[in-house]
Amino acid sequence: MVYYLPAGSSCGEWWPKQPETVARLEVKADTLRLQPHLRMTDSLPVRWTKLKKGEHLDEDGIYGRHFVYYRTQALEGGVLEIGRIGDKLINGSDADEVLVSVHGERIPLLKEDVHSAFYQLPGDAKSGNTVEVLMLFESKGLHHHTKRIVEDYWGIGIDYARCAGKDLKLEYAYTEKAKGIELSEGKDAILTERTEASLLTWHTYSFVLPRQPEGIWFPYHLRLEHSGNGFIYLNGHCIGRCWQKGPQYEYYLPECWLNFGGENHLAVSLRPTADGAEIWKAEIVPVTRVAEKRKSDFQAIEQQTGQWGDQGDGTYRNPVIAADYCDPDPLRVGEDYYLVFSTFESFPGVSILHSKDLVNWTTIGAALTDLAVVDSAYTAKRMERYNGGVYAPTISYHDGKYYIYVNLYTDGFYVATADNPKGPWKSGFVKDKQGRPLRVTRWSDPCPFWDEDGKAYLVASHPGREYWYSYLFQMSEDGTTLLDADSAHMDRKNFLYQYPDGGTVISPYHSSEGNRIFKRNGYYYLQHIEFTHQGQGEGTYIFRSRHLYGTLPDGTPGRPGKPGKYEVFAVEKVTSRDSLRVPGQGGYVDTPDGRWFWMGQFTRDYACGRPPHLLPVTWVDDWPVIGVDIKDKEGQMAWRLPKPIQGYAPVLPQGSDDFGKPTLHPQWMWNHVPDSSKWSLTERPGYLRLYASPTNGKGFFKAPNTLSQRYMRSDSAVVTIRLEIAGMRNGQKAGLAHFNGGKNYAFLAVAKQDDAFRMEFETDGRNTAGIALPPGQSDLFLRTSMGVADKAVFEYSFDGITYHEWGGPYPMKAANFRGDMMGVFTYNDSGRGGRVDVDWFHYRVSNR
């Protein structure tokens, strides 16, 4: 039996992996809406343990514990200081949370810094009396060590409590996990009076699932809509944690813990957030889209839907990221995987993703931070690189260094190097053989290769009306210079470049792009794609030879300027773009145990652009065959497959941000290079401050400092922002926008004119004025909601509770090679400037 750690698990319990051969027939089952059985506040612990600095926690430590209570006595009316362990803040961080109460009333956070959180206790400080302070600490389950002294825990637990300059004695207690198990086993509990200020609230449910038909199995998911953070228990087992900020809102219910035909018990513990600790909807959802019994059962769903990425049950659905990470190129170094892709006009250029399993990716940095030096067209002043900029980069690792090559389509050959993929990166133009920067336009899709003898090469393409070919260049071993390239020769247009000034034509077939070069089992492989029928026909082709430059007719190796012939294999011959068999442009990557995979984009004309898909690769007669169900060296597309590497929880490369750090998270992109004087995360800590600049009447696509993330096409995707608008000036607009690569946009904004605020909706230059804001309104909530129909619905709210739709559905589109993006913006064409403070950006998706 194979086991895996499921999504959302934080208690170290490993579940049995479902068999790869299961019955997958069409069955009918209904969604079950759960009715609450019991809602109760958590009773205080009875047994407390004194905790001294340096003392061990109990046998389990925080491993397997979900909440920890602390208590102490402090001076009433004083300021309570709580010190954190590790390098993260106690409140608002990704690692831990603390709630404080006195006399049953929660105490709001007064302030915090990088070391401590402060709370103003009630009462008269002059009285000298003390009060009992209760603290609830939430562990996010990131740590799995036991018997470690308190100070050694990274970002977990309370290091000290202090009041009036004195250290306070602490006691701690665990009760939550045992209670969760008991309640989810159906054991009754005494209903306590609902207390808004309670630190922990329990919700329980009971339900019955019908027995599944003979020989058929399909999974059930729990779907929750709630406020607060906590943990979920099913029939005596913890199945994971639930977090209001997401991104997970569905939870796999392991069949080994379900009682089919009998009663099931569910318990959810929640500590309140600003929205409380409520469950608005709880549903048991059957996943019944299943196929016939066969080894490749996970390929059954034959189209892209709103489900993608890690499905939380040991499988993934293509695409692995349903967003515009186009022209992907993956790399493995050890047990870590990295991914780069086209970023065009966005800044910084060439974002870098990291993964441990090829399915779950996080954004860790970016390579090109000097685009304004490359050309002023990238700057906020001009913003003229739409449909240009960063095309199809590749990432490589050689001799302890990371390399990223990209042909800036409008600017030239570029390379960035780093010792760590997180950065810092050093970048600049690749040089020609004369030592001059290769500032040549309309070159694309480079890929480097270091041979076993240390010699280096680079393959690249030059799109043109007649000579749209791929060229192979000799390169210096340090990767900085093309040894058979001359910048003047290569800047000529509609020209067949010649060795020794323009490399060697390696694919003399029209529309050759998407180049990849690598070596395996003594063969050199050079892969490209063709977009027209003027060469070998539209499709993906791979050349191979025992010699890098092919084999001459007499059997001797080809050489620069005189290439030989290659064996040719058609990965896919395209008969119709509506019936592509496997993903196109992308790259190969292997695993430490020798398996190979293909990460490629699959164009489906959705608003998410050209998202990356992951398929296995099978080597047949030393040819790489992409896909499943291979027949005659042709593989087929698979939409659902087992994860290549088990044991890693779902994560996403885009997500929410509370702007609580002094540096911007790498998940963000600016539309062109921002004006650094017009934004700040430090002027008002905890907020993103944006200053308005003029567009000179040219509108949204000339608005500097628009900050965005990619649209992730899902069953449901919702972005909500909170703006503080007191700093706006007459003529200024600020809001939430959808846009693509410079062609289409829509926004919902607040506009200030004649000292009054009014809502506005605008799409592709057509502006509609809305209602006036109430007098004295100083903040505003804006929201966009999307689904697989690729239509966005904008809403606004004055209180964050009641939302009003405005502007009608906006049909999101991809254009200029870019999928849809969502961002915050402000501009003012009156020249009066003004500012807006973004409190938070919440991004929620439901993709499984």
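Two strands are said to pair if DSSP finds at least two bridges between them, and this usage holds in the legends below, which describe a predicted model.

**Figure 1. Strands 10 and 11 run antiparallel and are joined by bridges.** Strand 10, which spans residues 109-112, is joined to strand 11 by three bridges, and one of the positions concerned is L109, whose bridge partner in strand 11 is Y119. Strand 11 itself, covering residues 116-120, is mostly covered, with four of its five residues buried. A117 has its place in this strand, and because its relative accessibility is 1%, A117 counts as buried, the cut-off for that class being under 20%. The view also takes in V98, which lies 19 residues from A117 along the chain, with 9.1 Å separating the C-alpha atoms of the two residues.

**Figure 2. Strands 23, 24 and 48 form an open antiparallel sheet.** The three strands are arranged in the order 23-24-48. Strand 23 (309-310) and strand 48 (640-642) stand at the edges, and because each has a single partner strand, one side of each is left without a neighbour in the sheet. Between strand 24, which runs from residue 315 to residue 317, and strand 48 there are three bridges, and these two strands run antiparallel. Within this pairing, Y316 stands opposite L641 of strand 48.

**Figure 3. E283 is a buried residue of strand 22.** The strand that holds E283 comprises residues 279-286. With a relative accessibility of 12%, E283 falls under the 20% cut-off and therefore counts as buried. Once the neighbours within four places in sequence are left aside, the residues in contact with E283 are T31, L32 and R33, together with H221, L222 and R223.

**Figure 4. The largest cavity is lined by residues that include members of strands 37, 38 and 39.** The structure holds eight cavities of 30 Å³ or more, and the largest cavity has a volume of about 60 Å³. Its lining is made up of V459, S470, I506, S507, N515, R516, I517, L526, Q527, H528 and F543. Strand 37 (504-507), strand 38 (512-520) and strand 39 (523-530) are the elements that each give two or more residues to this lining. When the lining residues are sorted by class, five are nonpolar, five are polar and one is charged.

**Figure 5. Two cysteines, C242 and C447, are shown as buried positions in a structure with zero disulfides.** The relative accessibility of C242 is 0%, so C242 counts as buried. For C447 the corresponding value is 6%, and C447 therefore counts as buried too. The structure holds zero disulfides, a count that rests on whether cysteine sulfur atoms lie within 2.5 Å as a pair.

**Figure 6. The whole protein chain is given as the setting for the close-up views, with its three helices and 63 strands.** Of the 848 residues in the protein chain, 60% are buried. Among the contacts in the protein chain with a separation of 6 or more, 67% are accounted for by residues 24 or more positions apart.

Conventions. Residues numbered from 1 in each chain as written. Predicted model: local features only at pLDDT ≥ 70, side-chain atom pairs only at ≥ 80, totals over all residues. Heavy atoms only, no water. 1 Å grid on protein atoms, 1.4 Å probe; cavity = no way out; pocket = protein on both sides within 12 Å on 5 of 7 lines; lining within 4 Å. Points joined across faces, edges and corners; volume = space filled by probe spheres on them. Nonpolar A, V, L, I, M, F, W, Y, C, P; charged D, E, K, R; others polar. Buried < 20%, exposed > 50% of the residue type's maximum accessible area, 1.4 Å probe, protein only. Contact = heavy atoms within 4.5 Å.
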